[in-house]
Amino acid sequence: MGLMDGKNVVIFGVANKRSIAWGIAEALQREGAKLAFSYQNERMQGALEKLVAELPEKPFMAPCDVTVEGDIDRFYEALGKEWDGVDGIVHSIAFAKREELGGNFRDTSWEGYALAQQVSAWSLIGLVKGGMKLMEGRDASVVCLSYYGAEKVVTNYNVMGVAKAALESSTRYLANDVGPHGVRVNAISAGPIKTVSAMGVGDFGTLLDSMAQKAPLRRNVDQMDVGNTAAFLLSPLSNGITGQVLYVDAGYSILGI
Ligand code: NAD
């Protein structure tokens with residue numbers, strides 16, 4: 001018996017095998033969940049199709065670019081024709097312009113700031129609102145992905161740190177808003193993991209090395225560390241937890257000097 005037997009979970013944010021969202025998908029699959037996936041655009045559809053071919057059952061898949069008006073509603077409308085409800089949503093989406101993930105924070109443009117907020121923080125609100133009808137009355141759970149740069153200054157993380165702060169705050173406001181409908185919302189603050197998005201952050205290798213040297217567990221975390229915690233947060237084992245940020249960072253965030 002799996003932790004997620006009989007549960008329907010939608011995953012937003014698988015780009016490739018290294019995506020954190022794919023680690024979450026593997027953990028959920030192992031625990032018996034039925035999965036659906038979004039892809040950002042047609043260019044990314046092929047990569048996802050190859051990946052999901054490894055799954056025993058062909059999952060629902062549809063496009064959803066959170067910056068395209070109507071895409072979120074179209075996604076859920078199509079999903080609603082296949083599924084009678086949704087028990088979990090994984091938000092594993094972020095974007096900032098490469099030139100704003102390095103250099104002086106004071107050079108952040110309004111356009112770059114707004115884009116990072118829209119894709120990386122507002123989209124959580126959009127995806128929860130869009131999914132409410134399908135989640136109503138099912139004790140559903142939503143999980144999003146944050147990073148330590150939300151609360152402390154991490155060199156080069158810049159505009160994304162501000163977007164993650166908004167994401168964590170949105171997690172709390174959403175948890176309070178949708179809690180009366182039986183929906184929980186939590187964030188995982190993951191340690192640095194080598195993925196396509198992460199490589200856009202200037203000097204990312206230094207972050208990885210520093211964590212492995214200093215974290216209490218003296219190692220980096222990986223996609224499966226995060227996937228297992230996400231499975232817990234999406235499962236009934238965490239039924240009393242909402243509005244929280246849970247650290248999956250080998251303990252790095254507890255360190256002072
Ligand atoms: P990734 O590049 O594999 O995934 C990012 C995903 O965001 C991609 O699937 C991409 O298609 C999607 N995306 C970007 N713009 C979008 C848009 N407009 N509409 C819809 N989807 C869009 O990278 P990842 O590292 O797996 O990132 C997943 C999440 O984990 C992000 O929120 C990221 O900030 C967070 N995170 C990553 C790390 C890390 O070190 N890798 C650490 C902590 C948190």
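Which element supplies the largest share of the lining of the largest pocket? I would like to begin there, and I should say at once that what we are looking at is a predicted model. The answer is H2, which contributes three residues to that lining. H2, the helix that spans 42-52, is one of several elements that each give at least two residues to the lining of the largest pocket; the others are helix H1 (20-30), strand S2 (34-39), strand S5 (141-146), helix H5 (158-178) and helix H6 (204-214).

Let me stay with this pocket for a moment. Its volume comes to about 1200 Å³, and among the 44 residues that line the largest pocket, those closest to its centre are Ile93, Ala94, Phe95, Ser197 and Ala198. If we sort the lining of the largest pocket by class, we find 28 nonpolar residues, 12 polar ones and four charged ones.

What takes up the space of the largest pocket? It is the ligand, and around the ligand there are 29 residues, of which Ser19, Gln40, Ile193, Thr195 and Ser197 come nearest. By class, this shell consists of 18 nonpolar, nine polar and two charged residues.

Turning to individual contacts with the ligand, I would point you to three residues in particular. In Asp65, a polar side-chain atom lies 2.9 Å from a nitrogen atom of the ligand, while in Lys164 an N or O atom of the side chain is 2.8 Å from an oxygen atom of the ligand. Ile193, by contrast, takes part through its backbone, where an N or O atom lies 2.7 Å from an oxygen atom of the ligand. As for how much of the ligand is covered, on its own the ligand has 830 Å² of accessible area, and the protein covers 93% of that.

Finally, there is the second largest pocket, with a volume of about 320 Å³. This pocket is lined by 20 residues, and Tyr147, Val154, Leu207, Ser210 and Tyr252 are the ones closest to its centre. The elements that give two or more residues to the lining of the second largest pocket are strand S6 (184-190) and H6, and the largest share, four residues, comes from H6. H6, you may recall, also supplies at least two residues to the lining of the largest pocket. By class, the lining of the second largest pocket divides into 11 nonpolar, seven polar and two charged residues.

Conventions: Residues numbered from 1 in each chain as written. Predicted model: local features only at pLDDT ≥ 70, side-chain atom pairs only at ≥ 80, totals over all residues. Heavy atoms only, no water. Near = heavy atom within 4 Å. Polar contact = N/O pair within 3.5 Å; in protein donor to acceptor, adjacent residues only side chain to side chain. Areas by Shrake-Rupley, 256 points an atom, 1.4 Å probe, with all protein chains shown as cover. 1 Å grid on protein atoms, 1.4 Å probe; cavity = no way out; pocket = protein on both sides within 12 Å on 5 of 7 lines; lining within 4 Å. Sits in = over half its atoms within 2 Å of the grid points. Nonpolar A, V, L, I, M, F, W, Y, C, P; charged D, E, K, R; others polar. Points joined across faces, edges and corners; volume = space filled by probe spheres on them.
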